[in-house]
Amino acid sequence: ERERERERERGKAMKTFVGQVVSTRMQKTAVVMVERVKRNIRLNKWVKYRKKFKAHDEEGLCNTGDEVRIRISRPFSKTKAWTVEEILKKNPAVLYQQKLAQQQGQQPNQGARDFSTFASAALRR
């Protein structure tokens, strides 16, 4: 009976990780790198392990360099089964760019590219 109770408790605890956003090029998706430290018994050392997780970001609030907490959820696609729970720390460089854009009266760039300059360059040729 104790084993069954332990299994139930394990299922209730949602798996969460804290990591850094590496990429936001996909729509509603952030690639988060999680770094963990584990002890290697044979080498008698602490070894860093890094793994990338694709996490669902519904509002698209994450930017590259942000520190976020992700939690496991239902699968959204073949490789995406995590969601961004909260943004713990924003990237200072992105905050500075957004501040400059507001001072100049422009909308802050959310990672989307402006293809009008590419199109006009292609038409000139």
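Where does Trp 46 sit? Select that residue and find out: Trp 46 belongs to strand β3, which covers residues 45–56. Keep in mind as you go that you are looking at a predicted model.

**Stop 1: Trp 46**

Is Trp 46 buried or exposed? With a relative accessibility of 59%, Trp 46 counts as exposed, because the cut-off for exposed is over 50%. Now show its neighbours. Leaving aside residues up to four places away in sequence, Trp 46 touches Val 37, Lys 38 and Arg 39.

**Stop 2: The whole chain**

Zoom out and switch to a cartoon view. You should find 3 helices and 5 strands in the protein. Follow the chain from the N terminus, and the order reads α-β-β-β-β-β-α-α.

Turn on the surface next. About 10700 Å² of the protein is exposed, and carbon and sulfur atoms supply 48% of that area. Of the 125 residues, 21% are buried. As for what touches what, take the contacts with a separation of 6 or more: residues 24 or more positions apart account for 47% of them.

**Stop 3: Strand β1 and its partners**

Select β1, residues 16–23. Which way do β1 and β4 run relative to each other, parallel or antiparallel? They run antiparallel, joined by 5 bridges. For a landmark, pick Gly 19, which stands opposite Val 68 in β4.

β1 also pairs with β2 in the antiparallel sense, over 3 bridges. Here the landmark is Gln 20, standing opposite Met 33 in β2. β1 and β2 form a hairpin with 5 residues between them. Click on Lys 28 in the turn: its phi is positive, at about 60°. Remember that residue for later.

**Stop 4: The nonpolar core**

Hide the cartoon and show side chains for this selection: Phe 17, Val 21, Ala 30, Val 32, Val 34, Phe 53, Ala 55, Cys 62, Val 68, Ile 70, Trp 82 and Val 84. Together these 12 residues make up the largest nonpolar core. Which elements give two or more residues to this core? They are β1, β2 (29–40), β3, β4 (67–72) and β5 (80–89). The largest share, 3 residues, comes from β2.

Here is some background for this stop: in soluble globular proteins, nonpolar side chains tend to be buried together.

Now centre on one core member, Ala 55. Not counting residues up to four places away in sequence, Ala 55 touches Lys 28, Thr 29, Ala 30, Val 32, Ile 70, Lys 80, Trp 82, Thr 83 and Val 84.

**Stop 5: Salt bridges**

How many salt bridges does a search of the whole structure find? The count is 6. Let's visit some of them.

Go back to Lys 28. It forms a salt bridge with Glu 58, and the closest N and O atoms are 3.1 Å apart. Lys 28 is in the loop between β1 and β2, while Glu 58 is in the loop between β3 and β4, so the pair ties together parts 30 residues apart in sequence. Lys 28 counts as partly exposed at 43% relative accessibility, and Glu 58 is also partly exposed at 43%.

Next, select Glu 86 and Arg 69. Their salt bridge has its closest N and O atoms 2.2 Å apart. Glu 86 lies in strand β5 and Arg 69 in strand β4, so this pair ties together parts that are 17 residues apart in sequence. Both are partly exposed: Glu 86 at 36% and Arg 69 at 25%.

Then try Arg 71 and Glu 85, whose side chains meet in a salt bridge at 3.6 Å, N to O. Arg 71 is in strand β4 and Glu 85 in strand β5, so the pair ties together parts 14 residues apart in sequence. Arg 71 is partly exposed, at 30%, and so is Glu 85, at 41%.

To finish this stop, select Glu 35, Lys 48 and Arg 50. Salt bridges that share partners join these residues into one network.

**Stop 6: How confident is the model?**

Colour the chain by pLDDT. The protein averages 82, and 74% of the residues score at least 70. Which element has the lowest mean pLDDT, and which the highest? Helix α3 (residues 116–124) has the lowest, at 45, and β4 the highest, at 96.

Last selection: residues 112–125. Over this stretch the pLDDT is below 50, and beyond near neighbours in sequence, the stretch has 1 contact in the model.

Key:
Residues are numbered from 1 along each chain as its sequence is written. This is a predicted model: local features need pLDDT of at least 70, side-chain atom pairs count only at pLDDT 80 or more; totals for chains, interfaces and linings use all residues. Side-chain values use heavy atoms; hydrogens and water are left out. Helices (H or I, at least four residues) and strands (E, at least two) are DSSP runs, numbered from the N terminus. Buried means under 20% relative accessible area, exposed over 50%, partly exposed in between (1.4 Å probe, protein chains only). Contact means heavy atoms within 4.5 Å. Accessible areas come from the Shrake-Rupley method with a 1.4 Å probe; for residues, only the protein chains shown count as cover. A nonpolar core is a set of buried Ala, Val, Leu, Ile, Met, Phe, Trp, Tyr and Cys residues joined through side-chain atoms within 4.5 Å. A salt bridge is a side-chain nitrogen of Lys or Arg within 4 Å of a carboxyl oxygen of Asp or Glu. pLDDT is the predictor's confidence in each residue, from 0 to 100. Two strands pair if DSSP finds at least two bridges between them.
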